[in-house]
Amino acid sequence: MVDLHTSHERQIKDELMRKAELLKKRSDRTWRANFGMIASLGGVIIVPILLGLFTGSYFDEVLPQRFSWRLSLLFVGFVWGFFNAYLWVKNENEKIESIGRDKNGR
């Protein structure tokens, strides 16, 4: 008969070892690669915000309304930028996990 407590502990141990190997692999990257990732992530967030700000500024001059185009499109750019960042981080995480699965043979 299989001891469920022991098999569950073994699964947890295997999962922790796999995550530790992934962390070790990630720490092997150079500071330049980490800086590049942070800069890319910043660009993914900042570019839509600036686009919304400049487009809103243009619309405020060309199409005056009771509300502020600048503020409205700044908010839209903010939401768009952080959604892009979420998708980017999710994609990178999936890549890291797939590398770990390939190396472990799962």
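Which residues form one aromatic cluster? In this predicted model, the cluster is made of Tyr58, Phe59, Phe67 and Trp69. Before the rings get a closer look, it helps to walk through the overall build of the chain.

The protein chain has three helices and zero strands. Reading from the N terminus, then, the order of elements is simply α-α-α. Helix H1 covers residues 4-27, while helix H3 covers residues 69-104. Of the 106 residues in the chain, 13% are buried. About 8,700 Å² of the chain is exposed, and carbon and sulfur atoms account for 65% of that area. As for how the chain meets itself, take the contacts between residues at least 6 apart in sequence: 62% of these join residues at least 24 apart.

Next come the charged side chains. Side chains of opposite charge can pair when their charged atoms come close. The count here comes to two salt bridges. One of them links arginine 18 to glutamate 15, with 2.8 Å between the closest N and O atoms. These two side chains also make a polar contact, again at 2.8 Å. How far apart do arginine 18 and glutamate 15 sit in helix H1? They are three residues apart, so about one helical turn separates them. Is arginine 18 buried or exposed? Its relative accessible area is 11%, and because buried means under 20%, arginine 18 counts as buried. Its partner, glutamate 15, has a relative accessibility of 30% and is partly exposed. This salt bridge therefore brings together a buried arginine 18 and a partly exposed glutamate 15.

The other pairing is found in helix H3, where the side chains of lysine 95 and glutamate 92 meet in a salt bridge, 3.5 Å from N to O. Lysine 95 and glutamate 92 are three residues apart too, which is about one turn of the helix. What about their accessibility? Lysine 95 has a relative accessible area of 43% and is partly exposed. Glutamate 92 comes in at 22% relative accessibility, and that also counts as partly exposed. The value for glutamate 92 is 22%, and the cut-off for buried is under 20%, so glutamate 92 stays out of the buried group.

Helix H3 has something nonpolar to show as well. Which residues form a nonpolar patch on the surface? The patch consists of Phe75, Val76, Phe78, Val79 and Phe82, and together they have about 480 Å² of accessible area. Phenylalanine 82 is found in helix H3. With a relative accessibility of 41%, phenylalanine 82 is partly exposed.

That leads back to the aromatic rings. A pair of aromatic rings is described by the distance of the centres and the angle of the planes. Searching the whole structure turns up four aromatic pairs. One of these is formed by tyrosine 58 and phenylalanine 59, whose ring centres lie 6.0 Å apart with 45 degrees between the planes. Why is this pair called tilted? Planes under 30 degrees apart count as stacked and those over 60 as edge-to-face, so an angle between these limits is tilted. At 45 degrees, the rings of tyrosine 58 and phenylalanine 59 land in that middle group. Phenylalanine 59 itself is partly exposed, at 27% relative accessibility. Both tyrosine 58 and phenylalanine 59 belong to the cluster from the opening question, along with Phe67 and Trp69.

Definitions and conventions: Residues numbered from 1 in each chain as written. Predicted model: local features only at pLDDT ≥ 70, side-chain atom pairs only at ≥ 80, totals over all residues. Heavy atoms only, no water. Helix = DSSP H or I, 4+ residues; strand = E, 2+ residues; numbered from the N terminus. Buried < 20%, exposed > 50% of the residue type's maximum accessible area, 1.4 Å probe, protein only. Contact = heavy atoms within 4.5 Å. Areas by Shrake-Rupley, 256 points an atom, 1.4 Å probe, with all protein chains shown as cover. Salt bridge = Lys/Arg side-chain N within 4 Å of Asp/Glu carboxyl O. Patch = residues over 30% accessible without salt bridge, like charges linked within 9 Å, V, L, I, M, F, W, Y side chains within 5 Å. Phe/Tyr/Trp six-rings, centres within 6.5 Å; stacked < 30°, edge-to-face > 60°. Polar contact = N/O pair within 3.5 Å; in protein donor to acceptor, adjacent residues only side chain to side chain.
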